[in-house]
Structures are given as structure tokens and as C-alpha cells.
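Let's take a walk through this model together. Have the sequence and the 3D view ready as you read.

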Amino acid sequence: MDYLMFQLEKDAQTPLYEQLYNGIKEAIIEGKIEEGEKLPSKRKLAEYLAVSQTTIEFAFSQLVAEGFISSEARKGFFVQSLEELALIEQELPMMTQEISDTDQLYIDFSPGKIDTESFPFTTWRKYTKETISEANKDFLQLGHPQGDYVLRQHISSYLYQSRGVKCKPEQIILGSGTEQIMPLIIRLLGKEAVYGIENPGYPLTHHLFLDDRKKSLPISVDMDGVIVSQLEKTKATVMYVTPSHQFPTGAVLSATRRSQLLSWAYQQENRYIIEDDYDSEFRYTGKPIPSLQGLDQNQRVIYLSTFSKSLMPSLRIAYAVLPESLIMQYKQKFSYYAATVPRIDQHVLAKFMESGHFAKHLNKMRKIYKRKLEMVTKTITKYNPTVMISGEQAGMHILLTIHTSKKEDELVLLAKNAGIRVYGLREYVTEDKDVSAEPKIVLGFGGIDIEEIPSSINALMNAWDIKKHRDHN
Ligand SMILES: Cc1ncc(COP(=O)(O)O)c(C=O)c1O
């Protein structure tokens, strides 16, 4: 067979089996060996190429694993259908297309981006090094299904001090992101639960709860957060809220609405509130907003938060604080689940919290995001009253209301064509009826360097053909 004519280079750095694997793979892709053709036996090929049969075996098993050849018992190895291989080939241009598409975007106002310049790499590296050591061999085994106790202890005291959340470490469950914890909560609350979701709201909740439309009811949001009087008229039994900084409008749930929401929950045995406190660390004006969990007297609040904003979204560590009654049920139902957060990461984070670095990091980041927000506000003020800001009390995103004849989709597209990523409020809306037609844009500023904020916003306004107000020129 011609394809066997190639030489294996015994002194090369690439292992022999890999050279053989590459040689046969190329021969198949180039059509030098046809579909259905039988490969020589491992013994013959080993003799011919003067290598061990193990080398041939390694190469063949890799080719089988990737679907280039198949093994038929007692018959040998055969080249697989080229059609399937063609599919693999066809996918590549699409992937390249996607990559070049995002490459073209040079300003990203996504709300999920954080500041990466100020991450304490040295400290994190130090604690990672300390954690990965023979002294901690036990970390190679599975830990507690709810997450290791030491980290839950640090989280519980941090929550008490910073958010007034009252809980024992035993009530905390860790998960690799809010998105991993939420389905568990839904299963825990059972099939009877009917969910109220904020509208507009966090897309994850829309995806999760809207799978079953009868069981999820969009509740409108205004400048004071979710409209509880609307919730009261529905059959919802569980309300998902982001009270400290509504996602995505940025509204803060007013004190009246907070007590109204808690009273709603107390009216029936099976009612709960899921409080998602995802970015409460970053509040810039006034006193911290107390958590609903801290105000709750009747164990009706399931508190959720994450390290995605305070540290990094790629860490994938979030947690829920369950009321005592639910944690008992959780233990009964889910004790067979291993924790979804790697133990090494849990312990690096525990050290980071224990040493006081987490508190320091939060203080530093609060100042950085505050400065970024001030820069955003200062730049956008020049475009008042055409462009107005709201939701700027906390977090890393704000809402822009644009007084223009252009539609929201058009604004998003114009920005995209200028290489700028922004999201229209409508992308977060479940049912359109309650949302005014005026275009609103969600603008995340966490990931943009402070020096680049003015030019990035000016570029956005330019893309929309919005001029600075003459008083500010
Ligand atoms: C409302 C809300 N909840 C939670 C999160 C964090 O999710 P996760 O913990 O899965 O990263 C975000 C992230 O942007 C969010 O906007």
C-alpha cells in the first residue's frame, strides 16, 4: 500500500505512534486509502516499519477513537465512511467564522465581564501552590457533598458581616455556578412549585423556569424593583428576585416592596423567595441594602450568591443558603451528589478568605468599579438628555435609555457593525407587553479599562449618530 511508503523518523521528537497515526490519518483524508479498505494487520505493519506492535496498537486505537477507522472482531481494521469525515471537515470553516466574528469586536460592554487588570495573581498563585502539596493528599479524594466545611465556615461569617445573612455552615451548599445550583433548588421545591420571575430578568431564570410555561409567571419590574402587587394576583408560590441590583435594569427593591414581598411569602406554607444577591459586594451609594434573608423571620428565603463578580466568573463557585427545613430535605434527596466545585479550588479560596485577602480585594475592586462607573457617567452625561442612565447604584452594569427614533434592535446592530458589543433590554424580556417601546441598552463596564471608557462610549454614540449636547462641548 502506497501510504505505507512514508518513513517513520526514529530520532524525531514526535513519538512513533503519533507519526504513524498522522500518516494514516492524512492518507485517509487525502483519499489515498478508500472507504472500506482494510488496513494491514498490526503484526505485518510492525514488521514492515520495524517498530513494536504496541506502537501500531496505540496509533490504531487513536484512529478508532476519532472515527477514522473501525475495528471488526477477527477481521481487522477498516477505513470508515468518508461522509462522516466530511462532516468534520465542514465544521471547521464555521468555527473559524465564529472566531473571526468575535475577533472583530474590539469593545465589549457585556455585563458579565470583570476587571482583569487588578486580580491578585501573586497571592492566588501562592495559595494554589500551598494547597497543591503532599501534605494535602486527602484533597485528591472526594470531599463533603455540600462543599468542604472550612470554606462554608468562611462564607457563613463573611455573609453575616457583609450582608446580615444569618446561617450556619451546615445550611450552605456550594456549586459550580448559580446555573448549577438553581436546577437543584427547582428539584428540591418539587413539581407543585409555580415560579414568579422578574421581567425583564436574568436569562438563566427564563431558560430554567420557562421550560414549563404554565409553571413560570413573568412579573414586571419598575424603578423600585419587582412589582409585588402584581405577584400577589398570581398563583406563583416561589419568587426569584435580584433585590440588591435588579438584573438587568439595575433597580434596587424598595424597603416597602421588601416587606411586601416577605409578607407575601408568609401568607402560605409553601411560599419561598429565591434571593439572588449576585453583585451586592459592589454598592457605591448610600448604606448597604440589607439582604432579604437577614430580614426574614420565617425561614422563607433561599439566598444565592456567587464569586463570579467578586473574584472571577471562570472560578465557577457559587453557593446557596437553604432554610433549615429545606436543608434537611436536601440532605435526604441529594446526598449522593458529589460537590461540583474542585476541592483544590475550594481550599485556595478558603485560604484567600481566611487571610483577609478577600476583604481587601473587595475594597480595592469597589474603588476601581466606582471610578469606572464615574467615568461612564461623566462621559454619558455629555449625551444627555438624548441618553439617560439608570441603575447606577451598584454592580458593573447600567441601563441606558435612548431617546431616538431608532429601534432597539437597530441600535444593537449599528453597534455591532462598529465592532461594539451591547445588549438590548428586550433580550432579557419574557413578555413584551409591560416594557415601554423606548430603546434601552444594558451597558456592562466591568471589563473595560478606565482609560478606554471615554473613547469606547464616544465610539458607541458615534455608531448611533448621537451628538454631544452643545452645553457640554
Ligand atoms: C443575576 C445573576 N445571577 C447570577 C450570576 C452569576 O452566575 P454564575 O454563578 O453561574 O456565574 C450572574 C452573572 O452575571 C447574574 O447576572
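Five nonpolar, five polar and four charged residues make up the shell around the ligand. Keep in mind as you look that this is a predicted model. Among the 14 residues around the ligand, the ones that come nearest are T178, D276, T306, S308 and R316. If you are wondering where the ligand sits, look for the largest pocket, which is its place in this model.

Now zoom in on a few individual atoms. D276, one of the nearest residues, has an N or O atom in its side chain that is 2.6 Å from a nitrogen atom of the ligand. The side chain of Y202 also takes part, with an N or O atom 3.3 Å from an oxygen atom of the ligand. With E179 you should look at the backbone: one of its N or O atoms lies 3.4 Å from an oxygen atom of the ligand. How much of the ligand does the protein bury? Taken alone, the ligand exposes 400 Å², and the protein buries 92% of that.

Next, leave the ligand and find strands β1 and β2. Residues 69-72 form β1 and residues 76-79 form β2; the two strands run antiparallel and are joined by four bridges. To pick out one pairing, start at S71 and look across to β2, where F77 is its bridge partner. Together β1 and β2 form a hairpin, with three residues between them. In the turn you will meet R74, which has a positive phi of about 60°.

Conventions: Residues are numbered from 1 along each chain as its sequence is written. This is a predicted model: local features need pLDDT of at least 70, side-chain atom pairs count only at pLDDT 80 or more; totals for chains, interfaces and linings use all residues. Side-chain values use heavy atoms; hydrogens and water are left out. Two strands pair if DSSP finds at least two bridges between them. A residue is near a molecule or strand if one of its heavy atoms lies within 4 Å of it. A polar contact is a pair of N or O atoms within 3.5 Å; within protein, one must be able to donate a hydrogen and the other to accept it, and residues adjacent in sequence count only if both atoms are side-chain atoms. Accessible areas come from the Shrake-Rupley method with a 1.4 Å probe; for residues, only the protein chains shown count as cover. On a 1 Å grid over the protein atoms alone, a cavity is a set of points where a 1.4 Å probe fits but cannot get out, and a pocket is an open set with protein on both sides within 12 Å along at least five of seven lines; lining residues have an atom within 4 Å of a point. A molecule sits in a cavity or pocket if more than half of its atoms lie within 2 Å of its grid points. Ala, Val, Leu, Ile, Met, Phe, Trp, Tyr, Cys and Pro count as nonpolar, Asp, Glu, Lys and Arg as charged, and the others, Gly among them, as polar.
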